[in-house]
Amino acid sequence: MGRKRRRELPCGRRGPPSRRRMTEMMISALEWRLQKQLEGAELALAQGRYEHAITAAGAVLKEQPACLPVRVFLRRAQLAHNRRGPNIFMRFRHSCQLRWAHAQLRRHPARAVAVADQVLQTAMNQPMALGLLGRAATALGWSTTAIFAYDCAHLNRPHDAELALALGHALLAGQQAAPALQVAETVLQRQPHHVAAQHLRRQAAIAVALAQGNWEAPGSYREKLRDLGATSAAPPPPLR
């Protein structure tokens, strides 16, 4: 039997977005037309034309979801607009979309980002959508986007330990050990025996010690870390 020929895409076509790996970018790295579109959105926001600003920024974000400054601007415009949330039927639709995206997250993180952004366009504080964005961004290696997503979710639910720890782990992954340590300490103030928070505190304290070069100092972190809880504690489960 002859060997099967590998199917190739026609010249000029790319694979599906979920299989392409993008890196986080700044506005200066956007195409010129997208930069001009974003400038128009900023002008619209300054003039109080919130719907136009949200629509224009959302269109830019749809093309370049890895550009965090666009995402931040979009949320600022949504906060300024302060429009009513979706009705009950739209909330049910969002729930179905998000559950499907969660199930596909491991194989298609870029699609999960797209679904989360679609929901957040009309429900900016939807906790499940923000959590999905955080997990998908982590899978794609977008550390600052993950921090942004979890931070937005945490601001809306400051006493939710699971969200706080998700933010802490995102901060730690983004080389921000000191804020991650602060998050863990805050959780432990309310729940002193929270095993996952103890684990995060230990990891963050080690990272802070290494960054400061104090690991071997007298009376150092090694003695302190022995008192930070069980060293074999498992990390918290992924946010659902």
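This report covers the fold, the nonpolar cores, the largest cavity, the salt bridges and two loop residues of a predicted model.

## Overall fold

The protein has eleven helices and zero strands. From the N terminus on, its elements read α-α-α-α-α-α-α-α-α-α-α. The protein has 240 residues, and buried residues make up 42% of them. Take the contacts between residues at least 6 apart in sequence: 58% of these join residues at least 24 apart.

## Nonpolar cores

In soluble globular proteins, nonpolar side chains tend to be buried together. Here the largest nonpolar core holds 48 residues, and L98 and L132 touch the most other members. The elements that give two or more residues to this core are α4 (88–104), α5, α6, α7, α8 (161–173), α9 and α10. The largest share comes from α8, with nine residues.

What does L132 touch, leaving aside residues up to four places away in sequence? Its partners are L98, A101, H102, L105, A112 and A116. L98 is thus named twice: as a partner of L132, and with L132 among the residues that touch the most other core members.

A second core is separate from this one. It has 18 residues, including M25, L38, A57 and L61.

## The largest cavity

The structure holds two cavities of 30 Å³ or more. The largest has a volume of about 130 Å³. Its lining counts 13 residues. Nearest its centre lie R71, L74, Q78, L120 and F148.

Which elements give two or more residues to this lining? They are α3, α5, α6 (127–140) and α7 (143–156). Helix α3 provides the largest share, four residues. By class, the lining has eight nonpolar, two polar and three charged residues.

R71 is one of the residues nearest the cavity centre. R71 also takes part in a salt bridge, described next.

## Salt bridges

The whole structure has five salt bridges. Three of them are listed here.

| Pair | Closest N to O distance |
|---|---|
| R71 and D117 | 2.4 Å |
| R33 and E31 | 3.0 Å |
| R201 and E185 | 3.6 Å |

Start with R71 and D117, whose side chains meet at 2.4 Å, N to O. R71 lies in helix α3 (residues 68–81) and D117 in helix α5 (residues 109–122), so the pair ties together parts that are 46 residues apart in sequence. Both R71 and D117 are buried.

Next comes R201 with E185, at 3.6 Å between the closest N and O atoms. This pair links distant parts of the chain, with R201 in helix α10 (residues 195–212) and E185 in helix α9 (residues 177–190), 16 residues apart. R201 has a relative accessible area of 15%, so it counts as buried. E185 has 32% relative accessibility and is therefore partly exposed.

The third pair is R33 and E31. Are its two residues buried or partly exposed? R33 has a relative accessible area of 41%, which means it is partly exposed. E31 is partly exposed as well, at 41% relative accessibility. This pair does not stand alone: E31, R33 and E63 are linked in a network of salt bridges.

## Two loop residues

M124 sits in the loop between α5 and α6. Is M124 buried or exposed? It is buried, because its relative accessible area is 15% and the cut-off for buried is under 20%. Not counting residues up to four places away in sequence, M124 touches R75, Q78, L79 and L130. Among these, Q78 also lies nearest the centre of the largest cavity, together with R71, L74, L120 and F148. M124 and N82 are 42 residues apart in sequence, and their C-alpha atoms are 9.7 Å apart in space.

Q175 belongs to the loop between α8 and α9. With a relative accessible area of 72%, Q175 is exposed, because exposed means over 50%. Its backbone also deserves a look. Most residues other than glycine have a negative phi. Phi of Q175 is near 65°, a positive value in a residue other than glycine.

Conventions
Residues numbered from 1 in each chain as written. Predicted model: local features only at pLDDT ≥ 70, side-chain atom pairs only at ≥ 80, totals over all residues. Heavy atoms only, no water. Salt bridge = Lys/Arg side-chain N within 4 Å of Asp/Glu carboxyl O. Buried < 20%, exposed > 50% of the residue type's maximum accessible area, 1.4 Å probe, protein only. 1 Å grid on protein atoms, 1.4 Å probe; cavity = no way out; pocket = protein on both sides within 12 Å on 5 of 7 lines; lining within 4 Å. Points joined across faces, edges and corners; volume = space filled by probe spheres on them. Nonpolar A, V, L, I, M, F, W, Y, C, P; charged D, E, K, R; others polar. Core = buried A, V, L, I, M, F, W, Y, C linked by side-chain atoms within 4.5 Å. Contact = heavy atoms within 4.5 Å.
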